[in-house]
Amino acid sequence: MSHRCDFVCLAGPTASGKTAAALAVADRLPVEIVSVDSALVYRGMDIGTAKPSRAEREQVPHHLIDIIEPTEAYSAAQFVADARALIAQIRSRGRLPLLVGGTMLYFKALLEGIDPLPAADAQLRAELDAEAARVGWPALHAELARVDPPTAARLAPNDSQRIQRALEVFRLSGQPLSSFHTRHLAPSAPSEAATLISLEPRDRAWLHRRIAERFQQMLDGGLVDEVRHLRARGDLHDGLPSMRCVGYRQAWKVLEGSAAPDSLPERGIAATRQLAKRQLTWLRSMPQRQVVECDAPDAIEQVVRRVMEVAR
């Protein structure tokens, strides 16, 4: 099967309906789905990541799900390498690669390229953690605002994982993280070889309702028990990227006793809304995207039509 593009990207904020749209495309076209999600890579983290069900994965081949342990790290550079290899393999099978997810840094790195970032430095991270314990993450966010205003502007004052990484990059390289995001390497393919479809809400309140409903479903489905099981392994801690994922971080704090159990729904929903806001900010920096209003009654049909247009 020949296609007008090498692969199709379906992006959008959390709870925007990406999975349903992707499965609808799979009903009409021979595709394989490549996950573009920094949380779905972890084994044993199913409920809080809204991982596709066994039945959904049997319906259409999925890739880059359950590939590493929560103790391990996975970078944008590794994603690009893995995605490029998978795109070639899927195309060799006569199928269309459909890249689906909400980790916008991965999409941007694949489509536009990104400079290699300094590798993580365990000693420096420990020093930053110690500073945060003394003065608090908002103070470190204020420091970041002085040395890297663009990055600080898109981060919440308590977004410890991203503030830490941004300060780590600055202290290691002497350059702000934002400067790495504006100097491009060669992209994975010519711009006309990829199509980016973006699910974005016309009414932000619609997305907020979906986020609240989905987080409650996660709680009803056993999110706290899932995190309790992860804590019982003994090899995980709340400083790992896996345990800083939205939902897991909030549940961890409840289980360690630093947050009240009845605060979990409110805190989890608020953190998810902040994540969605960041995802939409990333998307709006990608002018090549084709926007489909995810709260439109025919949103899924619009996505299917657009993919079929480029799959001819």
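The sheet in this predicted model is an open one, built from six strands in the order 3-2-4-1-5-6 with parallel pairing. Which strands stand at the edges? They are strand 3 (62-63) and strand 6 (290-293); each has a single partner strand, so one side of each is left without a neighbour in the sheet.

Let us follow the sheet to the edge formed by strand 6. Here strand 5 (residues 194-200) pairs with strand 6 in the parallel sense, and the pairing runs over four bridges. One residue pair to look for is E200 and E293: the bridge partner of E200 in strand 6 is E293.

Just a short step along the chain, R289 sits in the loop between helix 13 and strand 6. What does R289 touch, leaving aside residues up to four places away in sequence? The answer is L196, S198, E200, L283 and R284. With L283 there is also a polar approach: a polar atom of the R289 side chain lies 3.5 Å from the backbone oxygen of L283. E200 thus turns up twice in this corner, as the bridge partner of E293 and among the residues that R289 touches.

Now step back to view the whole protein. It is divided into domain 1 (7-115 + 186-311) and domain 2 (122-180). Eight residues from domain 1 and 10 residues from domain 2 take part in the contact between them. The size of an interface is often given as the accessible area lost when the parts come together. The table puts some values for this pair of domains side by side.

| Domain 1 and domain 2 | Value |
|---|---|
| Separation of centres, over C-alpha atoms | 25 Å |
| Area buried between them | about 840 Å² |
| Share of that area from carbon and sulfur atoms | 40% |

Between the two domains the count is one salt bridge. To find a salt bridge in the structure, look at the side chains of D159 and R278, which meet at 3.6 Å, N to O. The count of residue pairs in polar contact between the domains, with both residues at pLDDT 80 or more, is one.

Which element gives the most to the side of domain 1 that touches domain 2? Helix 13 (residues 264-284) does, with three residues. By character, the residues on this side of domain 1 divide into three nonpolar, one polar and four charged.

Helix 13 is a handy landmark for a new reader: the helix contributes to the domain contact, and the loop between helix 13 and strand 6 holds R289.

Terms used:
Residues are numbered from 1 along each chain as its sequence is written. This is a predicted model: local features need pLDDT of at least 70, side-chain atom pairs count only at pLDDT 80 or more; totals for chains, interfaces and linings use all residues. Side-chain values use heavy atoms; hydrogens and water are left out. Domain bounds come from an automatic or database domain assignment. Contact means heavy atoms within 4.5 Å. Buried area is the accessible area (1.4 Å probe) that two parts lose on being put together, summed over both. A salt bridge is a side-chain nitrogen of Lys or Arg within 4 Å of a carboxyl oxygen of Asp or Glu. A polar contact is a pair of N or O atoms within 3.5 Å; within protein, one must be able to donate a hydrogen and the other to accept it, and residues adjacent in sequence count only if both atoms are side-chain atoms. Helices (H or I, at least four residues) and strands (E, at least two) are DSSP runs, numbered from the N terminus. Ala, Val, Leu, Ile, Met, Phe, Trp, Tyr, Cys and Pro count as nonpolar, Asp, Glu, Lys and Arg as charged, and the others, Gly among them, as polar. Two strands pair if DSSP finds at least two bridges between them.
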